[in-house]
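Me: I've got a model open on the screen and would like to talk it through. Could we go over its packing, its spaces and its odd backbone spots?

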Amino acid sequence: MQSDTTFMRHALALARRGLGRVAPNPSVGCVIVRNGEIVGRGWTQEGGRPHAEVVALADAGADAAGATVYVSLEPCAHHGASPPCSDALIAAGVARVVYALRDPDPRVDGAGHGKLAAAGIEIVAGVLEKEAEELNIGFLTRIRKNRPAVTLKLATSLDGKVALANGRSQWITGTGARAVSHQIRATHDAILTGIGTVLADDPALTCRLPGLTARSPLRVVLDGGLRLTPDREVAETAHEVPTLAITAVSEDDPRATTLKAVGVEVAGDMPVVDGRLDLEAVLKLLAERGITRLMVESGGELATAFLRRELVDELVWFRAPAIIGEDGVGAVRDLGLELLEFMPRFERRDVRSVGEDLVETYRPRN
């Protein structure tokens with residue numbers, strides 16, 4: 001008979017399908033097994049409803065009775081937009097529930113476990129817990145820190161440059177690396193950049209891969225002085241792909257009115273620290289909007305600001321096998337370090353080749 005670990009890996013794989021589509025909910029996967037065979041599968045659907053367990057129970061039908069349920073997060077126990085999943089599991093007559101991660105949401109946080117146990121269902125908790133925590137880092141960070149998890153993406157030459165001295169940067173990495181970047185965008189709820197990047201490069205910040213065009217995340221532009229104009233790509237397409245400009249300027253300012261007329265949402269009167277928008281306040285605002293996973297694609301100054309404030313939860317670094325030289329524009333600017341022990345340190349979690357380029361994934365070292 002296959003092990004609990006094997007079936008939980010299947011549930012986690014299903015959960016990954018919902019990343020970038022279920023905020024503010026967690027992305028959960030569920031597998032229902034009877035007599036060693038999978039009889040039901042499900043994952044959290046777009047917008048967060050229905051939950052994975054409900055989808056899997058519908059798939060299993062009568063075969064759910066007496067079965068084992070593998071779910072990547074503790075089943076919910078509260079009444080929200082839908083009834084508790086724990087009640088649905090009890091009503092279906094399942095015999096055993098195996099879950100990976102306890103849900104830290106105060107409305108759940110052990111209550112689902114308790115309700116299932118009280119109904120006489122056998123429970124096993126903590127199977128592949130670390131993997132489940134990494135998968136739902138966005139949901140967990142929003143609950144624990146009141147901000148989204150931040151993925152910082154950099155694309156550089158081997159010597160860490162993002163552009164020539166004259167500002168030219170297209171393209172340092174190859175088409176394969178850019179395709180991977182679009183895939184990563186699709187797993188995030190929002191993508192953030194600074195007004196400097198918008199004015200210099202006029203990026204679309206969308207997912208432009210077959211099958212993923214509908215999964216472009218919310219576009220967020222940090223624009224303290226509200227220099228964004230309606231003729232920029234992110235503004236021109238704001239009716240097609242949601243765009244949010246975050247600024248220190250009042251929302252009643254004529255510039256804001258002009259942007260709102262073309263479909264750009266404006267969040268104004270944001271606090272400024274040291275001449276820049278307060279990143280902690282920006283992240284809190286996004287968390288309040290339900291954003292759990294934020295991808296940052298920006299110039300060196302904004303990337304450095306996130307690193308300096310220790311707000312990067314994942315670093316994805318694309319490296320091209322090329323050298324630009326000392327006069328190139330660096331991906332990271334002055335961090336103000338005086339001692340080596342203050343360097344931001346990361347541990348490599350993955351490295352792979354994409355065409356001629358390397359894609360390295362890092363998490364902060366604890």
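Reply: Sure, here are some questions and answers on this predicted model.

Me: Let's start with the rings. Which term fits the aromatic pair of phenylalanine 7 and tyrosine 70: stacked, edge-to-face or tilted?

Reply: The count of aromatic pairs comes to one. Its ring centres are 5.2 Å apart, and the planes of phenylalanine 7 and tyrosine 70 meet at 35°. Planes under 30 degrees apart would be stacked and over 60 edge-to-face, so this pair is tilted.

Me: And how many residues apart in sequence are the parts that this pair ties together?

Reply: Phenylalanine 7 belongs to helix H1 (residues 4–16), while tyrosine 70 belongs to strand S3 (residues 68–73). Phenylalanine 7 is buried at 3% relative accessible area, and tyrosine 70 is buried too, at 4%. Given where the two rings sit, the pair links parts of the chain whose separation in sequence is 63 residues.

Me: What about charges over rings? Which residue has its charged end over the ring of tryptophan 171?

Reply: There's an arginine over the face of tryptophan 317, namely arginine 319, at 4.3 Å from the ring centre. For tryptophan 171, the charged end also sits 4.3 Å from the ring centre, and it belongs to arginine 178.

Me: Now strand S14. Which residues point the other way from Arg293 and Met295?

Reply: Side chains in a regular strand alternate between the two faces of the sheet. S14 covers residues 293–296, and all of them are buried. With Arg293 and Met295 pointing one way, the other way is taken by Leu294 and Val296.

Me: Which residue in S14 is the bridge partner of valine 150?

Reply: S14 runs parallel to strand S6 (residues 149–156), with four bridges joining them. It also runs parallel to strand S8 (residues 190–194), through three bridges. On the S8 pairing, leucine 192 is opposite valine 296. For valine 150, the bridge partner is leucine 294.

Me: On to the empty spaces. What is the volume of the largest cavity?

Reply: A search of the whole structure turns up one cavity of 30 Å³ or more. Its lining has 16 residues, and those closest to the centre are Leu19, Asn25, Asn136, Thr292 and Arg293. By type, the lining splits into seven nonpolar, seven polar and two charged residues. The volume of this largest cavity is about 70 Å³.

Me: How about the second largest pocket: which element gives the largest share of its lining?

Reply: This pocket holds about 850 Å³ of space, and among its 29 lining residues Asp313, Arg363, Pro364, Arg365 and Asn366 lie nearest the centre. Elements giving two or more residues to the lining are helix H5 (129–135), helix H6 (137–145), helix H12 (300–308), strand S17 (346–354) and strand S18 (357–364). The lining comprises 13 nonpolar, two polar and 14 charged residues. Its largest share is five residues, and they come from H6.

Me: How many of the nine residues of H12 are buried?

Reply: The buried set is Gly300, Leu302, Ala303, Thr304, Ala305, Phe306 and Leu307. Just past the helix, glutamate 310 has a positive phi of about 55°. H12 is mostly covered, and its buried count is seven.

Me: Any odd peptide bonds? What is omega for the bond joining arginine 49 and proline 50?

Reply: Most peptide bonds are trans. One cis bond runs from alanine 23 to proline 24, with omega near 5°, and proline 24 sits in the loop between H1 and strand S1 (29–34). Proline 50 is in the loop between strand S2 (37–43) and helix H2 (52–60). Its bond with arginine 49 is also cis, with omega at about -10°.

Me: Last one: is aspartate 269 buried or exposed?

Reply: Phi of aspartate 269 is positive, near 60°, in the loop between strand S11 (265–267) and strand S12 (272–273). Asparagine 146 also has a positive phi, near 55°, and at 37% relative accessible area asparagine 146 is partly exposed. Exposed takes over 50%, and aspartate 269 has 54%, so it counts as exposed.

Key: Residues numbered from 1 in each chain as written. Predicted model: local features only at pLDDT ≥ 70, side-chain atom pairs only at ≥ 80, totals over all residues. Heavy atoms only, no water. 1 Å grid on protein atoms, 1.4 Å probe; cavity = no way out; pocket = protein on both sides within 12 Å on 5 of 7 lines; lining within 4 Å. Points joined across faces, edges and corners; volume = space filled by probe spheres on them. Nonpolar A, V, L, I, M, F, W, Y, C, P; charged D, E, K, R; others polar. Buried < 20%, exposed > 50% of the residue type's maximum accessible area, 1.4 Å probe, protein only. Pairing = 2+ DSSP bridges. Phe/Tyr/Trp six-rings, centres within 6.5 Å; stacked < 30°, edge-to-face > 60°. Lys NZ or Arg CZ within 6 Å of the ring centre and 35° of its normal.
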